[in-house]
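Let's walk through this structure together, starting from one side chain and working outward to the pairs of charges that link distant parts of the chain.

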Amino acid sequence: MNEIEIVRWVQGIRFPLLDELFKIITELGDQLAFIAIALTIYWFFNKRIAFKLVFVFISSAIVNEVLKAIIMRPRPYVVDPDTNVGTSTHGYAFPSGHAQNTGVITTVLNQNFGKKNPWLRWVLLAFLILVPFSRVYLGQHYPSDVVVGLLLGITIAYGISILVDKMGEKEHIYGMYAIIPLLLGVLILSLLGQPYEEVKNIFVALGGLTGFFLGYFIDKKYIQYHEYPKGIKILYRLMIGALIVMIFYLGLSILFDMIAVDNQYLDYIRYMFVGFGGSALSMLTFKKLKV
């Protein structure tokens, strides 16, 4: 049985409710879900762990995009359009970015929160199984895409976590250094002249990470607000932080669409502000409002 037949076999269990369920589950491996998780850790638990998660994510994303560009494996629905369920994912298939993101997120969260929260390990295990499976079910990836992506994410998470730990108290400086290859990535992609659909997610990730690393540096060096909320202040912080992020996310989207629709450079700038707003600007606001 070749892999396209495995995809068809998995889709043998399809029915409308399950289609909708897996469309939701698959979004848990998306970049926006990663941003939400990273900001939640940053605002409420531990900034350094959030930094580690982001640093691991960027390393994993670079490896993923390089491998996709080299291998250029078409997605299952390209071979058999009947296997496509929901919105088609652009770009190449191998390895699966969603599965790799899942490996990164579950590994870092388990390393840092799993021992003290045994229930979390069961949640992460479900996450580890369901998100990659959803990619095959929806016809966006072959089984080998998700297996390799998952293993890569876990391996990279362990390796880069060790590297971040070795940075000691200078991790914010290394974060600033990381902005250089991010900008180089933008330049290289610009020179390649790839279609918007092929590079949008890359520009989104590069922009968000640039803003986050810059904001983390400013937060640690100048803002220095280390209080975590309790009681009703948890809700206040959540509402304020979400408002700041959404102002940049939605506000700049409306503004930039007036300039140019579907422009990767404007996407980079918008998500850079989202990353900066979620880190430095949010913490400065929390400090001023004492929440």
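In this predicted model, the side chain of His 172 comes to 3.4 Å from the backbone oxygen of Glu 169. His 172 itself sits in helix 9, which runs over residues 171–192. Is this histidine buried or exposed? With a relative accessible area of 11%, His 172 is buried, since the cut-off for that label is under 20%. Beyond its neighbours within four places in sequence, His 172 is in contact with Tyr 216, Phe 217 and Lys 220.

Two of the residues just met, Glu 169 and Lys 220, turn up again in a network of salt bridges that also links Arg 48 and Glu 171. Follow Arg 48 and you arrive at the start of helix 4, where a side-chain oxygen of Asn 46 reaches to within 2.9 Å of the backbone nitrogen of Arg 48. Helix 4 covers residues 47–71, and its 25 residues reach 36 Å from the first C-alpha to the last, close to the 36 Å expected at 1.5 Å a residue. After the helix comes Met 72, whose phi is positive, near 50°.

Side chains of opposite charge can pair when their charged atoms come close. In this model the count comes to 11 salt bridges. One of them joins Asp 165 and Lys 52, at 3.0 Å from N to O. Asp 165 belongs to helix 8 (residues 143–166) and Lys 52 to helix 4, so this pair ties together parts that are 113 residues apart in sequence. Its two ends differ in exposure: Asp 165 is partly exposed at 44% relative accessibility, while Lys 52 is buried at 8%.

Another salt bridge pairs Arg 8 with Asp 80, their closest N and O atoms being 2.9 Å apart. Arg 8 lies in helix 1 (residues 3–10) and Asp 80 in the loop between helix 5 (76–79) and helix 6 (97–114), so the pair connects parts that are 72 residues apart in sequence. Arg 8 is partly exposed, at 39% relative accessible area, and Asp 80 is buried, at 12%.

For a pair within one helix, look at Arg 270 and Asp 267, whose side chains meet at 3.6 Å, N to O. Both lie in helix 12 (residues 264–289), three residues apart, about one turn of the helix, and both are buried.

Finally, the unreviewed UniProt entry annotates transmembrane regions, among them residues 119–140 and 202–218. In the model, residues 119–140 are 86% helix, with end C-alpha atoms 30 Å apart. Residues 202–218 are 100% helix, with end C-alpha atoms 24 Å apart.

Key:
Residues are numbered from 1 along each chain as its sequence is written. This is a predicted model: local features need pLDDT of at least 70, side-chain atom pairs count only at pLDDT 80 or more; totals for chains, interfaces and linings use all residues. Side-chain values use heavy atoms; hydrogens and water are left out. Helices (H or I, at least four residues) and strands (E, at least two) are DSSP runs, numbered from the N terminus. The expected span of a helix is 1.5 Å times one less than its number of residues. A polar contact is a pair of N or O atoms within 3.5 Å; within protein, one must be able to donate a hydrogen and the other to accept it, and residues adjacent in sequence count only if both atoms are side-chain atoms. Buried means under 20% relative accessible area, exposed over 50%, partly exposed in between (1.4 Å probe, protein chains only). Contact means heavy atoms within 4.5 Å. UniProt positions are given in the numbering used here, feature names are shortened, and annotations may be inferred rather than shown by experiment. A salt bridge is a side-chain nitrogen of Lys or Arg within 4 Å of a carboxyl oxygen of Asp or Glu.
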